[in-house]
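Reader: I'd like to learn how to read strands and buried side chains in a model like this one. Could you walk me through it?

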Amino acid sequence: MQFQQLLYFVTVAETLHFTHAAEQVHVSQPSLSQQIRALEKELGADLFTRARGNIALTDAGEALLPLARRILADADTARHEVQELAQLRRGRVRLGATPSLCTGLLPDVLRTFHDLHPNIQLLIEEGGSHDLVRELARGALDLALVVLPLPTPSPALTTVELLHEDLVVVSAASLPRPGRGGRSVRVADLEGEPLVMFRHGYDLRELTVAACRAEGFEPSFTVEGGEMDAVLGFVRAGLGLAVVPRMVAARAGRDLRVTPLARPGLHRTIALAHRSDVAPPRAARELQNVLLASRVSRGPQTASASSKV
């Protein structure tokens with residue numbers, strides 16, 4: 001008895017038509033009929049009645065059908081489990097993240113993941129949350145780290161919050177403290193201060209501009225259009241201030257001064273997103289577990305909630 005014969009038998013049983021069944025399994029009708037007869041010979045019983053072109057299951061066929069379906073399902077499960085294990089040996093993960101997260105959160109997380117699964121290839125795509133959501137929706141990414149709320153909510157995505165992160169002001173260490181020179185600075189104190197601003201489509205740009213407008217002023221840009229590394233470089237050169245995530249500022253180096261924003265400050269929520277209608281590959285789920293574990297280790301800055309967006 002062969003799996004192929006059982007597949008042909010189940011297909012004929014479900015269609016009750018040899019020609020249609022042959023089309024579904026992509027073999028010729030004579031080949032399918034020959035395999036069914038070989039199965040009947042092996043079992044010592046007819047599985048179908050073939051009276052004037054009308055196909056029906058015999059009692060033996062009725063008895064075999066649920067068993068054949070279970071055998072085929074078990075074979076599919078076994079194949080799936082082996083393939084998933086193989087993915088952990090030579091798979092890949094396509095992860096999208098905003099540039100600030102690539103600088104702040106991901107280095108440690110990817111180091112941990114690589115130590116656990118050194119043969120899995122990591123493909124990282126940087127972009128704003130809007131771009132990453134679009135890439136997820138079209139299947140170009142397995143997972144994405146995005147900033148909530150999403151610019152264009154989609155019911156096809158599921159998000160899990162990873163952490164809430166404070167934003168801070170960075171400035172060149174060689175220049176006076178921003179604002180009134182205190183240990184913290186208010187958003188209102190940024191009025192008239194030269195700002196180094198990210199390019200359009202950057203989540204941090206939209207958040208900073210919105211916060212300034214909420215205080216009743218338009219921010220003043222000396223340089224705009226850069227990515228994270230470029231913005232930090234311009235700040236080091238004394239061209240202005242920038243509002244960046246605390247994790248990024250912690251890695252920025254001693255030549256940058258980090259000034260907290262006074263309460264209530266500015267914050268952002270980081271979430272891990274994936275498509276709701278397609279389960280991520282095994283390797284991607286393993287990376288997801290590492291990211292969620294990092295959420296636990298970050299303590300009070302961490303948020304834990306699931307939602308469809």
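Reader: Let's start with pairing. Which residue in β5 is the bridge partner of G96?

Author: Happy to help, and do keep in mind that this is a predicted model. Look for bridges linking one strand to its neighbour: G96 has A144 as its bridge partner in β5. Strands β3 and β5 (residues 143-148) run parallel and are joined by 3 bridges.

Reader: And how many bridges pair β3 with β4?

Author: There are 6 bridges between β3 and β4 (residues 121-126), again in the parallel sense. One of the pairs to look at is R94 with L123 of β4.

Reader: Is β3 largely enclosed or not, and why?

Author: Here we count buried residues, meaning those under 20% relative accessible area. In β3 (residues 92-97), 5 of the 6 residues are buried, so the strand is largely enclosed by the rest of the structure.

Reader: Now a single side chain. Is R268 buried or exposed?

Author: R268, which lies in strand β11 (residues 267-275), has 4% relative accessibility and so counts as buried. Its side chain makes a polar contact of 2.9 Å with the side chain of S100. Leaving aside residues up to four places away in sequence, R268 touches several others, including T98, V147, H164, E165 and P245.

Reader: Where does pLDDT stay under 50?

Author: That is residues 299-309, although the model does have 32 contacts beyond four places in sequence for them. Where pLDDT is low, the predicted coordinates should not be read in detail. For the chain, the average pLDDT is 87, and 93% of the residues score at least 70.

Terms used:
Residues are numbered from 1 along each chain as its sequence is written. This is a predicted model: local features need pLDDT of at least 70, side-chain atom pairs count only at pLDDT 80 or more; totals for chains, interfaces and linings use all residues. Side-chain values use heavy atoms; hydrogens and water are left out. Buried means under 20% relative accessible area, exposed over 50%, partly exposed in between (1.4 Å probe, protein chains only). Helices (H or I, at least four residues) and strands (E, at least two) are DSSP runs, numbered from the N terminus. Two strands pair if DSSP finds at least two bridges between them. A polar contact is a pair of N or O atoms within 3.5 Å; within protein, one must be able to donate a hydrogen and the other to accept it, and residues adjacent in sequence count only if both atoms are side-chain atoms. Contact means heavy atoms within 4.5 Å. pLDDT is the predictor's confidence in each residue, from 0 to 100.
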